[in-house]
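Hi,

Here is the structure I promised to hand over. My notes on it follow below the model.

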Amino acid sequence: MTVTTELAGAHYPVAVVGGGQAGLSVSYCLRERGIEHIVIEANRAGHEWRERRWDSFCLVTPNWQCRLPGFPYRGPDPDGFMVRDEILRYLEDYVSFFRPPLVEGVSVTRLRRAATGVFELSTTAGDLTADQVVVATGPYHTPSVPRMAERLPSGVTQLHSSRYRHPGRLPEGAVLVVGTGQSGCQIAEDLHLAGRQVHLAVGSAPRVARFYRGRDCVAWLDEMGHYAKGIDRFGDADAIRMRVNHYVTGRDGGRDIDLRAFARDGMRLYGRLTGVRGATLEFADDLKAALDHADSVAEGIKDAIDAHITAHGIDVPEEPRYVPVWEPSEQPHDVDLAAAGITSVIWSTGFARDHRWIEIPVFDGRGYPMHRRGATSCPGLHFLGLPWQYSWGSGRFEAVGRDAEFLAGHIDASRRLADVCGTLTGAPVALAAALPVG
């Protein structure tokens, strides 16, 4: 749903940039407080799920963890895992549910702060201003592909994981998948189940078991308070924010992703892809270490669950621990593309942030926005939907609502303080909004 409004020359108390789950969540929370705002979305609400997910994509967390503000999952399968089209319907139903002031098909091309403290936004539909801004565009902006991709032979089909849709859309022949985060592992499985010969360059991502001792591991971790634990309770917050997600799948009711089992069944595993020399691929000698590390993390999570069960006297069945079903022997460090029959390469190598349109100095040396629970050092500028913005579920359906509620409260308090300061000092409201809070 797009509201009909004239953006050029308009002024809003709050402008929200981005109409995904983060932007919609904070819009709901702002509306609950009676705060006028606008949500500006470059495409359509739910664009990332619609355009950057493959056909068989599904959630890796159970449906009951979908907790958008005022709109928790109420479907018939709380322990299941919504597929792509169901996720889109969930978001579309959310829009219909509370009818946010959403403008679609408009890009914000520039954000800066005037000397008065007012934020100036340039958009493809004209310029507007706002007292406060929430950047809810997430962290996944530009597909990241290593420069070595340029050295692959021209006859090899290459695409980023965000453009992969279905095995049948690739040329005949074997497929190399580079990267074993969530996307890489699930795409490799999708190809493997379709009968394609898959070559997989394994990275450092850990894994987690789907089920353990009668329950989904997510349910255990939720009960243990893992998902509510704030990043301020960790001593290495910066490292936590950069961690790769554990791989697992919700496909067909949920199961482990076991790369060793894939290898046993014919998938070719290698270490990290380190170079391309003509038609030859070069790999690091770190496959065994990567597999052992992933297993160690998965077993460590089980250890924590066992300790929780013991501490609380929970009556659940014992379960045998995982036994590796395959070990790498001599793995080639070089693979000839033609000899291996590899005709396609899928780069599951993540995304880069692109905040160049924000002309306000709130970023660290890596381009990451410096913030405390989404509030930056620039009064009135906020971020929402970042990984580990405050907890594990930040940016996800599980906890983006909690972060949105916190930010909406902060925005409301700042607005009220600005009104009071403006009244006491005679300063314009826009200037008063720029006064420091606390």
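**Salt bridges and a sheet**

Let's start with Arg260, which is buried at a relative accessible area of 2% (buried means under 20%, exposed over 50%, partly exposed in between, with a 1.4 Å probe and protein chains only). Before going on, a caveat: this is a predicted model, so local features need pLDDT of at least 70 and side-chain atom pairs count only at pLDDT 80 or more, while totals for chains, interfaces and linings use all residues. Residues are numbered from 1 along each chain as its sequence is written, and side-chain values use heavy atoms, with hydrogens and water left out.

Back to Arg260: its salt-bridge partner is Asp292, with the closest N and O atoms 2.8 Å apart (a salt bridge is a side-chain nitrogen of Lys or Arg within 4 Å of a carboxyl oxygen of Asp or Glu). The two sit in distant parts of the chain, Asp292 in helix 8 (residues 287-312) and Arg260 in helix 7, 32 residues apart. Helices (H or I, at least four residues) and strands (E, at least two) are DSSP runs numbered from the N terminus. Asp292 is partly exposed, at 29%.

The structure holds 37 salt bridges. Another one joins Arg251 and Asp190, at 2.8 Å from N to O. Arg251 is in the loop between helix 6 (237-241) and helix 7 (259-264) and Asp190 is in helix 4, so this pair ties together parts 61 residues apart in sequence. Both count as buried: Arg251 at 19%, Asp190 at 6%.

Helix 8 also supplies Asp306, whose side chain meets that of Arg321, in the loop between helix 8 and strand 18 (334-336), 15 residues apart. The N to O distance is 2.9 Å. Asp306 is buried at 19%, whereas Arg321 is partly exposed at 29%. Salt bridges with shared partners join both of them with Arg213, Glu299, Lys302, Asp303 and Glu318 into one network.

Now the sheet. Five strands form an open sheet in the order 10-19-11-12-15, with parallel pairing (two strands pair if DSSP finds at least two bridges between them). Strand 10 (157-160) and strand 15 (268-270) are the edges, each pairing on one side only. Strand 10 pairs with strand 19 (residues 342-347) over four bridges, and His160 has Trp347 as its bridge partner there.

Helix 4 (residues 182-193), home of Asp190, lies across strands 11, 12 and 19, running at about 165° to strand 11. Contact means heavy atoms within 4.5 Å; axes are lines fitted to C-alpha atoms, for helices over the stretch in contact, and angles run from 0 to 180 degrees between N-to-C directions.

Cheers
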